[in-house]
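Have a look at the chain below before reading on. The notes after it go through the fold, the packing and a few residues worth a second glance.

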Amino acid sequence: MDSNRKDILQLNMEQIRFLELGLNIAYYRKLRGLSQKDLAEKSNLSKRLITMLERPTGEKSLSMQKFFAIADALCVHPGKLLETRSENIDRDKIKERES
């Protein structure tokens, strides 16, 4: 098993959700050709917050108002930012471990 997969298995479900959120924000930001600064300006948020959200060990709290501001700035449905892109995560193992 490679070290990235081991690291992912050490995460709990909340951490995985924030990791996926950050990956999706970065994905759609890059797809739109925006820098973190551009996204911060379009969403009226700080570049620091955008950076922390995209960082795997970054921000773990986000208001719904800020969440919707990011989705609007990226011109994506908010649900798209919550979609799972991490097919390699064994969610059943994580749920078992948390029980």
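What follows is a short tour of this predicted model, from the overall layout down to single residues.

## Overall layout

This is a helical chain: six helices and zero strands. Read from the N terminus, the order of elements is simply α-α-α-α-α-α. The chain has 99 residues, and 37% of them are buried.

Sequence separation says something about how the chain comes together. Take the contacts with a separation of 6 or more: 66% of them link residues 24 or more positions apart. One pair that is distant in sequence is Asn 44 and Ala 73, which sit 29 residues apart along the chain, with their C-alpha atoms 9.0 Å apart in space.

## The nonpolar core

The largest nonpolar core has 18 residues, and the members that touch the most others are Ile 25, Leu 39, Ile 70, Leu 74 and Leu 81. H2, H3, H4 and H5 each give two or more residues to this core. H5 is the top contributor, with five residues.

Leu 39 is a good place to see the packing up close. Setting aside neighbours within four places in sequence, Leu 39 is in contact with Ile 25, Arg 29, Ile 50, Ile 70, Ala 73 and Leu 74. Three of the residues named above as touching the most other core members, Ile 25, Ile 70 and Leu 74, also turn up in that list of Leu 39 contacts.

## H2 against H5

How do H2 and H5 sit relative to each other, and at what angle do they cross? Their axes come within 10 Å and cross at roughly 25°. That angle is under the 35 degrees cut-off, so the two helices count as roughly parallel. The crossing itself is left-handed.

On the H2 side, the residues involved are Leu 21, Ile 25, Tyr 28 and Arg 29, and they meet Phe 67, Ile 70 and Leu 74 in H5. By class, this contact comes out as six nonpolar, no polar and one charged residue.

## A buried arginine

Arg 29 belongs to helix H2. Is Arg 29 buried or exposed? Its relative accessible area is 8%, which is under the 20% limit, so Arg 29 counts as buried.

Beyond residues up to four places away in sequence, Arg 29 touches Leu 34, Ser 35, Gln 36, Leu 39, Glu 54 and Leu 74. Glu 54, one of these partners, is itself among the buried residues of H4.

## H4 and its partner H3

H4 is mostly covered, with six of its eight residues buried. Those six are Leu 49, Ile 50, Thr 51, Met 52, Leu 53 and Glu 54. What do they pack against? The answer is helix H2 (13-31), H3 and H5.

The pairing with H3 can be described in more detail. H3 and H4 pack at an angle of about 120°, with their axes 8 Å apart, and they are therefore oblique to each other. H3 passes H4 in a right-handed crossing. H3 brings Gln 36, Lys 37, Leu 39, Ala 40 and Ser 43 to the contact, while H4 brings Lys 47, Ile 50, Thr 51 and Glu 54. The mix of classes is three nonpolar, three polar and three charged residues. Set that beside the H2 and H5 contact, with its six nonpolar, no polar and one charged.

## Two loop residues with positive phi

Most residues other than glycine have a negative phi. Two residues here are worth checking with that in mind. Asn 44 has a positive phi of about 60°, though it is not a glycine. Asn 44 sits in the loop between helix H3 (36-43) and helix H4 (47-54). With a relative accessible area of 71%, Asn 44 is over the 50% limit and so counts as exposed.

Cys 75 also has a positive phi without being a glycine, in this case about 55°. Where does Cys 75 lie? Cys 75 is in the loop between helix H5 (64-74) and helix H6 (91-98). Its relative accessible area is 61%, so Cys 75 is exposed too.

Terms used. Residues numbered from 1 in each chain as written. Predicted model: local features only at pLDDT ≥ 70, side-chain atom pairs only at ≥ 80, totals over all residues. Heavy atoms only, no water. Helix = DSSP H or I, 4+ residues; strand = E, 2+ residues; numbered from the N terminus. Buried < 20%, exposed > 50% of the residue type's maximum accessible area, 1.4 Å probe, protein only. Contact = heavy atoms within 4.5 Å. Core = buried A, V, L, I, M, F, W, Y, C linked by side-chain atoms within 4.5 Å. Axes fitted to C-alpha atoms, helices over the stretch in contact; angles between N-to-C directions. Parallel < 35°, antiparallel > 145°, perpendicular 65-115°, else oblique. Left-handed = near helix turned anticlockwise from the far one by under 90°. Nonpolar A, V, L, I, M, F, W, Y, C, P; charged D, E, K, R; others polar.
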